[in-house]
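Student: I want to test some labels against their cut-offs. Can we go through a structure that way?

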Amino acid sequence: MNTRDRLSRILRATSRYLLFFLLIAFVITCCTVPFVSILVRDLGITLTENGLKTAARINFLNVLLLSFMFTVIDALRRRHTVERPVRQILAAAAKIVQGDFSVRVKPLSRFGTDDSFNQIIACFNKMTEELAGVETLRTDFIANVSHEMKTPLAVIQNYGTLLQAPSLSDEDRIAYAKGVTDGSRRLADMITNILKLNRLENQQIFPQTAEFDLGEQLCECLLQYESVWEDAGINIETDIAENIRVKADAELLGLVWNNLFSNAFKFTGAGGTVSVVLTADGDQAVVRVRDTGCGMSPEVGAHIFEKFYQGDTSHSAQGNGLGLALVRRVVDIMQGEICVESVVGKGSTFTVKIRRA
């Protein structure tokens, strides 16, 4: 402890002592004067000058002693109920500043302490938990983005190197150029999804709601993949009820259907089937997108809506693990529901419920 801190503590102790001294002197004076007045008036006791001086000195010493006792008791109380929890919170805050988000402050004993500190400690521990979660997400996000960017960049780099060969045939040149284009498109799609997801999570996109026919939107989105299912030899089944209208942001909701359709076609092999069903269930419109693809285990299904999570750890299927996270966020904004049912080897069914207009 330096000289300034020591002097500051002495001044605080002195000020508290003077405060108690004045308070006790006031209380004793207020009690003694009426008492002495009654003795003199009713009992006829005569107080000599020496007696008054002696009584005054005794009272003054009592005030000094009581002030000292109260100051010591108050200092012990403050050290136990105020200074100790404050030191604990400050020490924990210092560790957080250094990047240690695992620190927690133990709640205080309820005996002889103010419960307000326990409320502050509970909020502090909750804050550190949230910070730890945010830090984990940030670390995972950076690691996953770096990993996902390496794949298309490596593809572009490899095909770019191959394109520099002087004896390259026109057929190979076209194939390698297509590889560069596909890699760059995949990278651009990932960056676009990252920006959209970030804006959605930071509430920088405000839905522009309007009433529209959900069945028409589903048909329009599905027809965009006509060349995909024809080239892959995938069968399409639709059962779309008519006149089911919703009040939502059509552009954001289109992201949901495009991502679900894209996943369904991606994981369904030749000869498989992708079906789209739209029904009305009370005040909700229910959309089911089912495929007969590879399916997924319950462990994968539990994390499928997390950012950058991919059930295919080999990354043999193109994707960046952002599509379903984007879908989940949009559905949440629309105050809807989404769930998935899947069986390994038999396919998956995604169910989305949106409130009808």
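Tutor: What follows is a set of labels, each set against its criterion. Keep in mind that this is a predicted model.

Student: What makes up the secondary structure of the protein chain?

Tutor: The chain has nine helices and seven strands. Buried residues make up 30% of its 357 residues. Among contacts with a separation of 6 or more, 73% join residues 24 or more positions apart.

Student: Why is Cys221 called buried?

Tutor: Its relative accessibility is 6%. Buried means under 20%. The value is under the cut-off, so Cys221 counts as buried.

Student: Why is Cys339 called partly exposed?

Tutor: Cys339 has 37% relative accessibility. Buried ends at 20% and exposed starts over 50%. The value falls in between, so the label is partly exposed.

Student: How do you know that Cys221 is in no disulfide?

Tutor: The structure holds zero disulfides. For Cys221, the nearest cysteine sulfur is that of Cys219, 9.5 Å away. A disulfide needs the two sulfur atoms within 2.5 Å. The pair fails that test, so no disulfide is assigned to Cys221.

Student: Now Asp291. Where is Asp291 found?

Tutor: Asp291 is in strand β5, residues 284-291.

Student: How do you know that Asp291 has no salt bridge?

Tutor: Take the nearest side chain of opposite charge. That is Arg290, 7.7 Å away. A salt bridge needs a side-chain nitrogen of Lys or Arg within 4 Å of a carboxyl oxygen. Arg290 misses that limit, so Asp291 is buried without a salt bridge.

Student: Which backbone nitrogen lies 2.9 Å from a polar atom of the Asp291 side chain?

Tutor: That of Gly293. A polar contact requires N or O atoms within 3.5 Å. The 2.9 Å distance meets that limit.

Student: Which residues is Asp291 in contact with, leaving aside neighbours within four places in sequence?

Tutor: The list includes Ala264, Thr268, Thr273 and Val274. Lys346, Gly347 and Ser348 are also on it.

Student: Why is β5 called largely enclosed by the rest of the structure?

Tutor: Count its buried residues. Six of the eight are buried, so the strand is largely enclosed.

Student: What makes β4 and β5 a pair?

Tutor: Pairing takes at least two bridges. β4, residues 273-281, and β5 share eight, in the antiparallel sense. The threshold is met, so the two strands count as paired. One partner couple is Leu278 and Val287. Another is Ala280 with Ala285. The hairpin has two residues between the strands, and Gly282 takes a positive phi near 65° there.

Student: How many bridges join β5 to β7?

Tutor: Eight, with the strands running antiparallel. Strand β7 covers residues 347-355. Val286 stands opposite Lys353 in β7.

Student: In which sense do β2 and β4 pair?

Tutor: Parallel, over six bridges. Strand β2 spans residues 235-240. Glu237 has Ser275 in β4 as its bridge partner.

Student: Last one. Why is Gly215 called buried?

Tutor: Gly215 lies in helix α5, residues 214-223. Its relative accessibility is 5%. That is under the 20% cut-off, so Gly215 counts as buried.

Student: Which residues does Gly215 contact, leaving aside neighbours within four places in sequence?

Tutor: Ile240, Ile244 and Leu278. Gly215 and Leu278 are 63 residues apart along the chain, yet their C-alpha atoms are separated by 7.1 Å.

Terms used. Residues numbered from 1 in each chain as written. Predicted model: local features only at pLDDT ≥ 70, side-chain atom pairs only at ≥ 80, totals over all residues. Heavy atoms only, no water. Helix = DSSP H or I, 4+ residues; strand = E, 2+ residues; numbered from the N terminus. Buried < 20%, exposed > 50% of the residue type's maximum accessible area, 1.4 Å probe, protein only. Lys, Arg positive; Asp, Glu negative; His and termini not counted. Polar contact = N/O pair within 3.5 Å; in protein donor to acceptor, adjacent residues only side chain to side chain. Contact = heavy atoms within 4.5 Å.
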